Amino acid sequence: MTTVRQRRVGKGAEAAEDQPAEKNGKPDVKILSDHTGGKLWNILTVTVGGIVAISLGLLTSVYVATLHENDLWFSNIKEVEREISFRTECGLYYSYYKQMIQAASIQQGLHGLVYDNKTESVRTINILERMNVYQEVFLSILYRILPIQQYLEPVYFYIYTLFGLQAVYVIALYVTSWLLSGTWLSGLLAACWYITNRIDTTRVEFTIPLRENWALPFFAVQIAAITYLLRTHLRPVQERLTLTAVFIATFLFSLTWQFNQFMMLIQALALFILDCFDMLPTAKVTRLYIIQISGLLLVCVLQFFNSMILGSLLLSFNASVLLARTIQKNLKKGGLLSRLGKLILHILLVLCLTLLINKFIKKILNLESDEHIFKFLKAKFGFGATRDFDANLYLCEEAFGLLPLNTFSRLSDTLLFCIYMFVLFLMTVAAVIVAFRNLSGSNQVQSMEKIEEHTVTLKPDAAYNLIHTVLFGCLALSTMRMKYLWTSHMCVFASFGLCSTEIWKLFLKCIHLYTPQRTHVMKYSVPLITLLYISYKFWPGIMDELSELREFYDPDTVELMNWIKSNTPNTAVFAGSMQLLAGVKLCTGRTLTNHPHYEDKNLRERTKQIYQIYAKRAPEDVYRILRSFGTDYVILEDSICYERRHSRGCRLRDLLDIANGHIMDGLGENEPDLKPSLYPRFCEEIKKDLPSYTTHFIRVFQNKTFHVYKLTKHK
């Protein structure tokens, strides 16, 4: 809206200059008053829109915090129960925050993280190098130096920070939609959709310390900054400030999530596609490539030159694109066929260079940290079955499966998905037309005025968000866990389309009903009707949800943690499932044999060995394996030993049987080369207290869920 108004004023000014001056200078006075009125209106619009954005952000923060409190009665439960509520890897990450808080000094806390020997027994690892926990370090230092200890417990300081980041997230989504459409009504609709589709847009209220809950708000800020950067006619100062904002957001996103490189690779692919079709300014795309590289390398330095970052496909891809450009200098010249030929060669060159550079780096660094991801992807997309334990562990988890179809029915209930598909279709048609015109060079023939009047156009910021949503949509469809990257942007994209003059203009022209007045009416009336529908249908449900009170209840795990703290030495080493051991570390501070942060080859091999407690192995073999990792106690879980959550072939015991070459339990087919095991299942047989087992393992604790055995120490 601001740009349109400025153009009108500018045209008026030019026209005034061409016309002879009238008496008393009345036209100049009128132009000045119009210009002043326009400025005041813009200031008022920005002020009101900004207040609405901040209010919605804060309301979202309070909303998820209230849901968390109502679900667990967090303020009333014991400390051990609060810590147990941080399930699986969430508990592991929070344990480092707790460790830093409890350290005698900040220096001692940092030393304990850099030289950690309690996360993996008989090994000293650098936590700051292996895991993305700088946010825990920063928060713990902030908590120690601020005068708030008497008023706020450490756990509340932590969770309120995460809930506060949700406010940043919603504001960033709001601003992105506003920038794209030109009206803050679009941002309001995006925020409302984000809240009403909470089940599919965020899971922060029950997985608070998860890395994505730290990272996604910064990713949203980065997208908002890129959207602004891709606007035309930015002044040099505005461009420099925006590039700085993009860099800071990219750096913080990369610092807080180990999967940052894969998300930014998709973003780099979006930039590459748009640059190939002349839909973005090449100079700005180059700067964004450099920002991605520099942000990731800075994180690499802070993570003590983490080899997984150095061997990332993102660095190899960005370097390849920049190198290929220097080789093919006349890429964007010539006719349609010539351009297509050059484009195909360019894509092949970039692909080959990426693979060569990445292979070379991994060979030099002997990098195998991320091989499990590529094994998983290979098996997931049908490039051969695998018996690899790590790949199958991912394949069998629902979170890494295809996006369930009921997701679309939920998103359609709020009209989000229906409107999203409508906008996506129109934008895709426009993008195809613009891409073809750019490749054929027809845009050079017509004047800009004729193009705007008679042909389809697509602004760079809208083009970027289109490719962004398409690529992240493909990611979400293939891997359910990644849907939160797509659904939040879906809110932005759908609301922008519904409030966009260009979209309604294109739609009305297609059905031969276009007039500027109708476009203006549709731009404001349809979003308002949608907002009224959402409020009418979902407001009562939100109120009911906020009034529903539950309480945390897990007495078996609480009993286990209290027993460990009271009956085992501080130096005791525990073996068990990755998920449970994260809680053991957080609640008791005992040393672990393995944990859920899976991005290390040695840890993956160690976990597979530890999990032989659920396989068909001889007690002597299991004892030998556990003792090789310094284990003093092993925890067996009935929920794993007698698992029913997964179907046959995906239970943990089945994955172990397949990896060990043994026939699976239960009715069903087995692969021909699998053989019966010579031994019964360890986790079942040990409960019979047979001499061959009691020689090595003594039961010291049990309840309805857990069985703890102490390993005997043989001379």
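How do the residues lining the second largest cavity divide into nonpolar, polar and charged? Three are nonpolar, four are polar and two are charged. Keep in mind that this is a predicted model.

**Cavities**

The structure holds two cavities of 30 Å³ or more. The second largest has about 40 Å³ of space, and its lining is made up of Gln-166, Tyr-169, Thr-201, Thr-202, Arg-203, Glu-212, Asn-213, Leu-216 and Tyr-484. Helices α8 and α11 each put at least two residues into that lining, with α11 giving the most, at three residues.

Now for the largest cavity, with about 100 Å³ of space. Its lining counts 14 residues, and those nearest the centre are Tyr-169, Leu-173, Ala-220, Ile-223 and Ser-488. The split here is ten nonpolar, four polar and no charged. At least two lining residues come from each of α8 (154-181), α11 (211-229) and α24 (483-498). Tyr-169 turns up in this lining and also in that of the second largest cavity.

**Aromatic rings**

There are 35 aromatic pairs in the structure. Here are two of them:

| Pair | Geometry | Centre to centre | Angle between planes |
|---|---|---|---|
| Phe-259 and Phe-262 | tilted | 6.3 Å | 50 degrees |
| Phe-389 and Tyr-611 | edge-to-face | 6.2 Å | 85 degrees |

The Phe-389 and Tyr-611 pair ties together distant parts of the chain, 222 residues apart: Phe-389 belongs to helix α19 (residues 389-395), while Tyr-611 is in the loop between α29 (601-610) and α30 (619-628). Both Phe-389 and Tyr-611 are buried. Phe-259 and Phe-262 are buried too.

Ring pairs also build a cluster out of Phe-74, Phe-86, Tyr-94, Tyr-97, Tyr-156, Tyr-158, Tyr-160 and Trp-214. One of its members, Phe-74, has Arg-82 over its face, 5.3 Å from the ring centre. A second case of a charge over a ring is Arg-211, whose charged end sits 3.9 Å from the centre of the Tyr-93 ring.

**A look at Ile-467**

Ile-467 is part of helix α23 (residues 460-478). Is Ile-467 buried or exposed? Its relative accessible area is 17%, and the cut-off for buried is under 20%, so Ile-467 counts as buried. Setting aside neighbours within four places in sequence, Ile-467 is in contact with Ala-270, Ile-273 and Leu-274. As for Gln-517, it sits 50 residues from Ile-467 in sequence and 30 Å away in space, C-alpha to C-alpha.

Conventions
Residues are numbered from 1 along each chain as its sequence is written. This is a predicted model: local features need pLDDT of at least 70, side-chain atom pairs count only at pLDDT 80 or more; totals for chains, interfaces and linings use all residues. Side-chain values use heavy atoms; hydrogens and water are left out. Helices (H or I, at least four residues) and strands (E, at least two) are DSSP runs, numbered from the N terminus. Buried means under 20% relative accessible area, exposed over 50%, partly exposed in between (1.4 Å probe, protein chains only). Contact means heavy atoms within 4.5 Å. On a 1 Å grid over the protein atoms alone, a cavity is a set of points where a 1.4 Å probe fits but cannot get out, and a pocket is an open set with protein on both sides within 12 Å along at least five of seven lines; lining residues have an atom within 4 Å of a point. Grid points are joined across faces, edges and corners, and a volume is the space filled by probe spheres set on the points. Ala, Val, Leu, Ile, Met, Phe, Trp, Tyr, Cys and Pro count as nonpolar, Asp, Glu, Lys and Arg as charged, and the others, Gly among them, as polar. Rings of Phe, Tyr and Trp (its six-membered ring) pair if their centres lie within 6.5 Å; planes under 30 degrees apart count as stacked, over 60 as edge-to-face and the rest as tilted. A charge sits over a ring if NZ of Lys or CZ of Arg is within 6 Å of the ring centre and within 35 degrees of the ring normal.
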